[in-house]
Amino acid sequence: MMDVTRRQFLKITAAGLGSSSLALLGFSPQPALAEIRNFKLARTTETRNTCPYCSVSCGVLLYSLGDKSKNVKTEIIHIEGDPDNPVNRGTLCPKGAGLLDMIHSADRLKHPEVREPGAKDWKRIGWDEAFDRIARHLKADRDANFIKTNDAGTTVNRWNTTGFLASSATSNESGYLLHKVVRGLGVVSLDTQARI
Amino acid sequence: MAWQSLDIQRRSATTTPAPGARQATEVAKLIDISQCIGCKACQVACMEWNDLRGEVGHCAGVYDNPGDLDSQTWTLMRYTELENNGRLEWLIRKDGCMHCQDPGCLKACPAPGAIVQYANGIVDFHQENCIGCGYCITGCPFNIPRLSEKDHKAYKCSLCSDRVAVGQSPACVKTCPTGALHFGSKEAMKDHAEHRIADLKSRGFSNAGLYDPPGVSGTHVMYVLQHADHPEWYSGLPRDPKISPWVGIWKGLAKPLAIGAMAAITLASLFHYIIKGPNEVSKETEKEVENETRS
């Protein structure tokens, strides 16, 4: 082992202390590196959709965590405009830009509810029950009020007591199907929320 | 196009030279005030992308909401009603970091690596290195950075450096429905601005022009102003922004002097210790002192 006298030891210690103090004062070379925050959408799943707000129906891209594998619960973490959609070409208005918070809103309706005649409160029901109830009401109304022929005896097949209001975000394809179904039932009052 | 955004050209409180051999494309955001309708989509998109959610505030009687920039609001629309030659003009300015080529915040920052400037021109804060002193706010000619009350660190617009790094545009630019915001290379933005200014001039705004202040060596966020001769009309946009001379005095003169003085003291005490050694007290002196204290 190296022979170090007490005096030498003190000198080495003092020199070490002095140089490390100088490093603290800013004389030490720092690595000139900066890490940019990682791009948070790197391997998220991208899903195309239509903004639900107004009738402009901007295209949106929903980015959700994970790759939809079996054990992964997806969660939408970001939404931005779809650059390939000819309506908005990637842009979104302030409401559309904040769509993420509508999806995660605590006030959002997440399951069907019914308020029966005379009842004060809304009652949670299942999807099957909701569809059954809607179908039952529609059928009852149609059976009671369907007009097969007019006064002149001409077949008209009208169902005037029920109307249908379609979503503003209905595409050509779903609009075609909607028209076929609703008109096939005899509904005359068909409209969409195709205006803001 | 490779943005080379990991290359940095400046780093706060660091004396080591940054790598600078490669020429990165300088990027810029162009804000065309004449095309802005003040819808605040940019403000919402900024909060959404950067995971910021401010407190729900109160209406103060104006559209400015919130009232000022804060750690959760990195961009803010500022509305000015101007009566000019018998005409009412609504000047709406998107306020936020200008990403100066010569950033006052970075120059004033004493924390190594808390503020960096990438080779593409973006000035970014790295909060993990921030010590919360607030000198960046003093150093900023545009009064942009804000300290968070939650973690006492400074925050401001990053020009979505994470998006730009992968070749995307900042969130605000992408969402802008009227095309008032544009993003691209600084050259392309200047070209676009030229067309806009020519159009504005043909519509009677004879003083229309580009705001790219030379006092901070140009900015990477530029404005097209209808009244470039009166930038102060736009919610007090500074006419000739400059880094406060105190930043230069402190960092250029006072800091090296103080460091020199401290280093000199350290070296002097080191030499004193080596040459003179420790202050030794002889047995006689010790006895004398003991006798004095007893008597």
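Good morning. I begin with a single pair of residues: A:Thr149 has A:Thr155 as its bridge partner in strand E7 of chain A. That pair belongs to an antiparallel arrangement in which strand E6 (residues 147-149) and strand E7 (residues 155-158) of chain A are joined by two bridges. The hairpin formed by E6(A) and E7(A) leaves five residues between the strands, and A:Gly153 adopts a positive phi near 90° there. I should say at once that what we are looking at is a predicted model.

Let me stay with chain A. Its domain assignment gives two domains, domain 1 covering 45-103 and domain 2 covering 146-192. The centres of domain 1 and domain 2 of chain A, taken over C-alpha atoms, are separated by 32 Å.

Elsewhere in chain A, strand E1 (residues 45-50) runs antiparallel to strand E2 (residues 59-64), with six bridges joining them. Within that pairing, A:Asn49 is matched with A:Val60 in E2(A). E2(A) also pairs with strand E3 (residues 76-81) of chain A, again antiparallel, through five bridges. Here A:Leu61 has A:Glu80 of E3(A) as its bridge partner.

I turn now to chain B, which has eight helices and 11 strands. Its radius of gyration is 26 Å, well over the 19 Å that the globule rule gives for 295 residues, so chain B is more spread out than a compact globule. The C-alpha trace of chain B spans about 100 × 50 × 35 Å along its principal axes. Of the 295 residues in chain B, 41% are buried. As for contacts in chain B between residues at least 6 apart in sequence, 62% of them join residues at least 24 apart.

Next, a sheet in chain B. Four strands make up an open sheet, ordered E9-E2-E11-E10, with mixed pairing. E9 and strand E10 (209-211) of chain B are the edge strands, each pairing on one side only. On average, and ignoring direction, neighbouring strands of this sheet are turned by 25° against each other. Between E9(B) and strand E2 (residues 27-32) of chain B there are five bridges, in the antiparallel sense. In that pairing, B:Ile31 stands opposite B:Leu181 of E9(B).

How do the two chains meet? The contact takes 37 residues from chain B and 25 residues from chain A. On the side of chain B that touches chain A, the elements giving two or more residues are strand E1 (8-11), helix H1 (41-49), helix H4 (161-165), helix H5 (171-175) and helix H7 (245-276). H7(B) provides the largest share of that side, eight residues. By class, the side of chain B that touches chain A has 22 nonpolar, nine polar and six charged residues.

Among these elements, I would like to examine H1(B). How many of its residues are buried? Nine of the nine residues in H1(B) are buried, and B:Cys42, B:Met47 and B:Trp49 are among them. The buried residues of H1(B) pack against elements of both chains: helix H2 (94-97) and helix H3 (99-103) of chain A, and strand E3 (75-84), strand E4 (87-96), H5 and strand E9 (181-185) of chain B. After H1(B) comes B:Asp51, with a positive phi near 55°.

One residue of this helix deserves a closer look. B:Ala45 lies in helix H1 of chain B. Why does B:Ala45 count as buried? B:Ala45 has 29 C-beta neighbours inside 10 Å, and 20 or more are enough for a residue to be called buried. Setting aside neighbours within four places in sequence, B:Ala45 is in contact with A:Ala97, B:Ala171, B:Cys172 and B:Thr175. B:Ala45 and B:Cys176 are 131 residues apart in sequence, yet their C-alpha atoms are 9.0 Å apart in space.

My last residue is B:Cys97, located in the loop between E4 and helix H2 (104-108) of chain B. Is B:Cys97 buried or exposed? B:Cys97 is buried, because 26 other C-beta atoms lie within 10 Å. Not counting residues up to four places away in sequence, B:Cys97 touches B:Val123, B:Ile144, B:Lys156, B:Cys157 and B:Val221. From C-alpha to C-alpha, B:Cys97 and B:Thr75 are 7.7 Å apart in space, and 22 residues apart in sequence.

Thank you for your attention.

Conventions. Residues numbered from 1 in each chain as written. Chains lettered and ligands numbered in written order. Predicted model: local features only at pLDDT ≥ 70, side-chain atom pairs only at ≥ 80, totals over all residues. Contact = placed C-beta atoms within 7 Å. Nonpolar A, V, L, I, M, F, W, Y, C, P; charged D, E, K, R; others polar. Domains from an automatic or database assignment. Buried ≥ 20, exposed ≤ 12 C-beta atoms within 10 Å, placed from the backbone. Pairing = 2+ DSSP bridges. Axes fitted to C-alpha atoms, helices over the stretch in contact; angles between N-to-C directions. Rg over C-alpha atoms; globule rule 2.2 N^0.38 Å.
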